[in-house]
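This report goes through one protein structure part by part. Please look over the sequence and the model before reading on.

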Amino acid sequence: MLKRIVGLALIAILALGLLPNVSAQEGENICGTDEEATVTFIAGTVGSEHEVAVTLGNRFMEVCPNITVNVVERPTSTTETLAQYQQFFEAQSGELDVFQIDVAWPGLVAEHVLDMNEYLDEEFLGQFYPGVLAGYTVQGRLAAVPWFAGAGMLYYRTDLLEKYGLDVPQTWDELYTAAKTIQDGERETNPDFWGFVFQGHAYEGLTCDALEWQASSDGGVIITPDGVVDVNNPNAIEIFDKIASWVGDIVPEAVLTFQEEDARAVWQAGNAAFMRNWGYAYTLGQADDSVIKDKFDVGPLPGKEPGMSAATLGGWGLSVSKYSDNVDAAVAFVKWVTSIDQQVWFTLQRSEQPVQPAVYDAPEIQEQLPFILAFKDVLNFATPRPTAVAGEQYARVSELYYTAVHDVLAGSKDAATAMADLELALADLGFELP
Ligand code: GLC
């Protein structure tokens with residue numbers, strides 16, 4: 001009897017003693033540290049990106065009251081964002097701990113950020129698509145934990161296609177005809193109406209759009225994975241001249257300065273029939289106060305022939321700076337933000353492509369964002385920018401490319417001249433001529 005009582009007491013003591021310990025351990029795992037710490041997170045600002053990052057910071061602070069998350073805004077342009085980050089990195093500044101990193105940059109930032117393989121276990125990383133992880137890996141080092149993926153998509157006004165008796169265009173020529181028909185009709189009552197908007201400013205966004213025009217026309221991929229320049233061919237020249245001829249016709253001249261949000265402003269005001277953009281514009285267009293709510297849908301971009309659609313692979317990950325003074329808290333924050341529950345919430349807010357299969361399985365996403373499921377496969381077939389082959393030279397490659405395409409759109413060069421010049425400029429960087 002005594003033995004039993006002692007035994008039970010022991011169990012009770014053990015249980016009492018152990019339980020708080022277990023939860024303290026769990027607490028420690030989630031927050032990374034029991035000490036007070038501040039994590040400064042640079043994120044945003046396209047669409048609701050900044051607002052969502054701030055909400056994530058606030059939610060994390062509720063879970064981990066010892067940690068303060070301070071969210072600062074990045075510039076809207078990914079090209080300017082990179083320039084700003086490079087300054088922080090060069091200064092080896094500990095001011096910023098967590099960086100939102102474009103999928104185009106791992107090779108450009110890897111030396112300044114932690115190898116997340118060393119901080120996150122296989123079970124956690126095993127939840128991501130291996131291909132997406134590979135995209136953020138540079139020489140075996142995981143430069144960022146994938147946050148979301150992106151793919152270029154065609155937004156189209158279902159009400160207007162119906163009004164003018166048109167089908168969703170599958171080719172660029174069909175897009176032109178449909179855009180022109182709708183624009184001509186709508187202009188009678190709305191002088192601000194345009195057929196098609198996209199990202200035409202001279203920056204990384206134009207690299208994404210132009211790669212889609214090229215790849216969907218069997219016109220090459222800028223630089224092939226084995227290092228051959230791939231821009232100067234009849235198909236690429238034809239599509240670049242074609243899109244340039246639309247500027248001032250079905251595309252506003254201001255497109256030459258348009259980033260994502262400028263295109264969305266025209267579209268969401270109800271002033272465009274078609275838009276090329278990323279997934280984030282979907283939830284914003286479906287907001288209760290949006291004039292296009294329930295009047296649009298999204299699908300694959302057109303191609304030269306039906307079925308030749310291409311989508312540039314976009315997306316962002318989260319990196320922890322090597323110069324951070326709060327590594328434990330910063331890693332914990334990144335891990336929490338990219339956990340499945342938060343990713344489901346994030347996807348419902350931002351309608352960007354998830355990077356973990358489990359997020360696609362969430363019933364809320366299947367119900368509210370069916371297009372996300374339709375694009376699930378895009379992660380397998382999306383066209384990557386030549387970041388891997390260009391490595392540290394990628395920023396220069398992209399700059400040469402978007403500048404050349406911008407010249408064509410602006411009418412200062414024809415595509416044949418621009419592509420011949422570009423080919424030589426890329427060869428000067430050390431890539432092979434075809
Ligand atoms: C989106 C994409 C990113 C791309 C950028 C270009 O943010 O996710 O990968 O570089 O657009 O503007």
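## Helix α11 and its surroundings

In this predicted model, the buried residues of α11 pack against β7 (153-157), β8 (194-197), α9 (204-215), β11 (272-277), α12 (280-285) and β12 (296-299). Helix α11 covers residues 260-268, and its buried residues are E260, A263, R264, V266, W267 and Q268. After α11 comes G270, which has a positive phi near 85°.

## Salt bridges around helix α9

Helix α9, one of the elements that the buried residues of α11 pack against, also takes part in salt bridges. E204 pairs with R385, with 2.8 Å between the closest N and O atoms. E204 belongs to helix α9 and R385 to the loop between α18 (378-381) and α19 (387-390), so this salt bridge ties together parts that are 181 residues apart in sequence. Both E204 and R385 are buried.

D209 forms a salt bridge with R276, at 3.4 Å from N to O. Because D209 lies in helix α9 and R276 in strand β11, the pair ties together parts that are 67 residues apart in sequence. D209 and R276 are both buried.

## Other salt bridges

The count of salt bridges in the model comes to 17. One of them joins the side chains of K413 and D421, with an N to O distance of 2.9 Å. Are these two side chains buried, exposed or partly exposed? K413 counts as partly exposed because its relative accessibility is 29%, and D421 is also partly exposed, with a relative accessible area of 35%.

Elsewhere, E49, R74, R350 and E352 are joined into one network by salt bridges that share partners.

## Two domains and their interface

The domain assignment divides the protein into domain 1 (10-143 + 314-380) and domain 2 (153-312 + 386-428). Each domain is thus listed as two segments of the chain. The C-alpha centres of domain 1 and domain 2 are 30 Å apart.

The size of an interface is often given as the accessible area lost when the parts come together. For domain 1 and domain 2 the buried area is about 1,800 Å², with 68% of it on carbon and sulfur atoms. In terms of contacts, 23 residues of domain 1 meet 24 residues of domain 2. Between domain 1 and domain 2 there are 0 salt bridges, while 7 residue pairs are in polar contact across the interface. On the side of domain 1 that touches domain 2, α3 (78-90), α4 (106-109) and α14 (340-350) each supply at least two residues. That side of domain 1 consists of 9 nonpolar, 12 polar and 2 charged residues.

## Unusual backbone geometry

Most residues other than glycine have a negative phi, and most peptide bonds are trans. Where does the backbone carry a cis peptide bond? The bond from G44 to T45 is cis, and its omega is near 15°. T45 sits in the loop between β1 (37-43) and α2 (49-63).

Q92 is a residue other than glycine with a positive phi, near 50°. Q92 lies in the loop between α3 and β3 (98-102), and its relative accessible area of 52% makes it exposed. D294 likewise has a positive phi, near 65°, and is not a glycine. D294 is part of the loop between α12 and β12, two elements against which the buried residues of α11 pack. With a relative accessible area of 58%, D294 is exposed.

Note on methods
Residues are numbered from 1 along each chain as its sequence is written. This is a predicted model: local features need pLDDT of at least 70, side-chain atom pairs count only at pLDDT 80 or more; totals for chains, interfaces and linings use all residues. Side-chain values use heavy atoms; hydrogens and water are left out. Domain bounds come from an automatic or database domain assignment. Contact means heavy atoms within 4.5 Å. Buried area is the accessible area (1.4 Å probe) that two parts lose on being put together, summed over both. A salt bridge is a side-chain nitrogen of Lys or Arg within 4 Å of a carboxyl oxygen of Asp or Glu. A polar contact is a pair of N or O atoms within 3.5 Å; within protein, one must be able to donate a hydrogen and the other to accept it, and residues adjacent in sequence count only if both atoms are side-chain atoms. Helices (H or I, at least four residues) and strands (E, at least two) are DSSP runs, numbered from the N terminus. Ala, Val, Leu, Ile, Met, Phe, Trp, Tyr, Cys and Pro count as nonpolar, Asp, Glu, Lys and Arg as charged, and the others, Gly among them, as polar. Buried means under 20% relative accessible area, exposed over 50%, partly exposed in between (1.4 Å probe, protein chains only).
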